[in-house]
Amino acid sequence: MLEGCTPFPDDFAERYVREGIWRRETIPHAIATAALDRPDSIAVADSTRSITYSQLIAEAGTLAALLSRNGIERNNRIVIQLPNCVEFATLTIACLEVGAIPVMALPAFRRAELEYLLSFSDAKAIAIAPEYRGFDHAALARELKSRLIFSTLPAEGCIPMHEHGDASRPIGSSARDPFDVALFLLSGGTTGMPKLIPRTHADFLYNARESAAACGITSESRILIALPAAHNFPLACPGLLGALLSGARTFFSQSTKAADLADVIQRERITHLPCVPTIAIGLLGLAESLRGSLASLRVITVGGQRLQEPTARALKRALPQVAVQQVLGMAEGLLCYTRLDERDEVAFTTQGRPLSSADEIRIVNPEGTDVATGAVGELWCRGPYTLRGYYRAPERNREAFTADGFYRTGDLVRQDPSGNLVVEGRIKDLINRGGEKINAEEIEAHLIAHPAVRTAAVVAMPDALLGEKACAYLSLRDGDTFALGAMREFLAARGVAQFKWPERVELVRELPVTNVGKIRKSELRRDIAEKLAAERAALAPGATAPQGN
Ligand code: OOB
């Protein structure tokens with residue numbers, strides 16, 4: 001296996017192969033095989049163009065030749081920072097064909113994240129759209145001195161993806177080890193900087209195929225990818241990969257606005273929508289007249305963050321023809337889905353049960369002992385598509401994995417009588433902002449780099465639409481000031497992606513600490529939740545203005 005990665009132990013690998021879970025097949029080979037069955041069906045589309053399965057394979061083939069011509073070869077890492085577009089699909093397949101390892105990055109990433117990813121993964125190239133949402137990605141890529149920049153459109157210093165000769169590499173022809181690393185996903189992160197998650201061809205194919213089955217994807221399905229495609233959920237749960245393997249059609253959207261989605265759903269007759277609760281809430285907010293445009297939808301799969309039961313019920317009421325499905329997933333592997341034939345009660349109130357009969361889960365107390373059935377504990381998992389170690393992170397791996405290979409998810413769950421899991425909280429230090437994960441430690445490290453800041457703690461505060469937002473508790477050096485606006489400017493100047501910027505600052509003399517000096521974040525979370533509730537109450541109609549004395 002690739003240096004820096006932890007292989008599955010032989011006995012597990014042999015069992016997964018014996019049971020037909022892992023096949024001796026690579027991702028490009030599997031996609032090329034699916035394409036042969038339906039060369040003229042539309043495979044992927046975005047707002048500018050659509051391509052058939054045979055065109056998908058042909059374009060990926062020319063891109064693979066372009067990569068080779070530019071010296072990209074087996075095991076070279078390439079950071080893919082593309083918006084949702086056809087090239088995301090063709091370039092990813094091309095990389096996998098030449099054996100280059102995509103590092104899946106979000107378009108929202110800026111200098112800080114990209115600098116880290118390029119250097120940590122030792123990437124030989126980056127792939128971008130020159131400009132996206134008003135940001136000059138080409139200029140940033142040049143500034144980062146990426147060795148090679150591939151771009152969707154011509155731009156200074158970049159190799160355009162669409163100007164290449166007739167050379168082509170047949171997709172699915174290279175012999176590669178299906179049990180070796182195909183790509184790197186990013187971890188939501190717990191300590192320090194986000195970790196890289198190695199996913200193998202065999203495990204990722206299984207992940208996508210089984211997900212497609214659990215979500216009822218067939219060759220007739222049309223799936224709308226509106227979440228950033230670099231995430232595991234829209235990429236392979238079942239996402240783009242599950243759709244390609246099933247001969248279905250994928251439509252990429254760069255907008256997550258409800259009205260835009262309704263428009264695409266109607267025009268493209270979309271059947272499947274993977275989304276986060278925030279998007280589901282947005283769809284519910286559409287005027288009654290627009291809801292008719294969602295008539296083609298059959299399955300809405302909601303995950304990334306806990307879906308509240310009233311939202312699930314409201315979705316079903318608004319769209320009776322739709323199956324509301326929940327998924328508890330993670331880039332690290334384990335996926336739990338509520339099944340499509342589940343009773344409403346279960347589908348509305350739980351986050352699903354493990355996808356595979358080979359998934360092993362434990363729910364444990366802080367001592368690592370299994371809790372009583374139905375009690376809340378930390379979720380641990382091990383299985384045919386769950387990683388055994390992060391890339392080049394031996395220290396983190398010692399904390400995140402048990403000696404016998406279970407991954408400690410940091411999620412607090414309980415198992416309901418139907419066997420499905422309910423997420424009750426977490427012990428990991430992150431903020432889940434509309435499904436996007438913000439690593440508290442990463443932001444705190446930026447904040448304490450400011451001369452005014454003595455100590456910083458970033459915690460989640462409740463938000464009706466996004467579920468959570470980040471709030472920064474800061475203790476400043478005597479006489480200094482540091483307001484929200486200044487903090488955001490500071491984070492922008494440091495090149496931190498905007499979705500990670502705290503949306504509120506609370507200045508305190510001292511942060512509350514335990515007797516071993518650890519910051520009591522639970523106290524801060526309670527404090528900010530109370531403050532927000534009090535502020536809401538004060539704003540509510542009928543609230544009496546505070547009386548002066
Ligand atoms: C998905 O993946 P990540 O890696 O961005 O985040 C994983 C974490 C989980 O450990 C859990 O804390 C949270 O996101 N989460 C949920 C959830 N789904 C994910 N928390 C509550 N309810 C849910 N339904 O988020 C992801 C990956 C693949 C499929 C779906 C989601």
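**Asking how we know: helices and rings in a predicted model**

Mentor: Let's start with helix α1 of this predicted model: on one side of α1, Asp10, Asp11 and Arg18 are exposed.

Trainee: Which residues of α1 are buried?

Mentor: Phe12, Ala13 and Tyr16, in a helix that runs over residues 10-18.

Trainee: How do you know that these buried residues are on the same side of α1?

Mentor: They cover an arc of only 100° around the axis, which puts them on the same side. In general, an α-helix has 3.6 residues a turn, so residues three or four places apart point the same way.

Trainee: What do the buried residues of α1 pack against?

Mentor: Against β19 (360-364) and β20 (377-382). After α1 comes Gly20, with a positive phi near 75°.

Trainee: Let's turn to α7. How do you know that its span agrees with its 14 residues?

Mentor: At 1.5 Å a residue, helix α7 (residues 201-214) should span 20 Å, and its end C-alpha atoms are 20 Å apart, so the two agree.

Trainee: What makes α7 largely enclosed by the rest of the structure?

Mentor: Buried means under 20% relative accessible area. In α7, 11 of the 14 residues are buried, so the helix is largely enclosed. Among them are His201, Phe204, Leu205 and Tyr206. Just after α7, Gly216 takes a positive phi of about 70°.

Trainee: Now the rings. Why is the pair of Tyr116 and Phe120 called stacked?

Mentor: Ring centres must lie within 6.5 Å to pair, and planes under 30 degrees apart count as stacked. Tyr116 and Phe120 are 5.5 Å centre to centre with 15° between the planes, so both conditions are met and the pair is stacked. Both residues lie in helix α5 (residues 111-120), four residues apart, about one turn of the helix.

Trainee: Why is Tyr116 called buried, and why does Phe120 count as partly exposed?

Mentor: The cut-off for buried is under 20%, and exposed is over 50%. Tyr116 has a relative accessible area of 17%, so Tyr116 is buried. Phe120 is at 22%, so Phe120 falls in between and is partly exposed.

Trainee: What makes Arg110 a charge over the ring of Phe135?

Mentor: One condition is that CZ of Arg is within 6 Å of the ring centre. The charged end of Arg110 is 3.7 Å from the centre of the Phe135 ring, so that distance condition is met. Arg388 lies over the face of Phe12, at 4.6 Å from the ring centre. Phe12 also belongs to an aromatic cluster with Phe8, Tyr16, Trp22 and Phe179.

Notes:
Residues numbered from 1 in each chain as written. Predicted model: local features only at pLDDT ≥ 70, side-chain atom pairs only at ≥ 80, totals over all residues. Heavy atoms only, no water. Helix = DSSP H or I, 4+ residues; strand = E, 2+ residues; numbered from the N terminus. Expected span 1.5 Å × (residues − 1). Buried < 20%, exposed > 50% of the residue type's maximum accessible area, 1.4 Å probe, protein only. Arc of directions from axis to C-beta. Contact = heavy atoms within 4.5 Å. Phe/Tyr/Trp six-rings, centres within 6.5 Å; stacked < 30°, edge-to-face > 60°. Lys NZ or Arg CZ within 6 Å of the ring centre and 35° of its normal.
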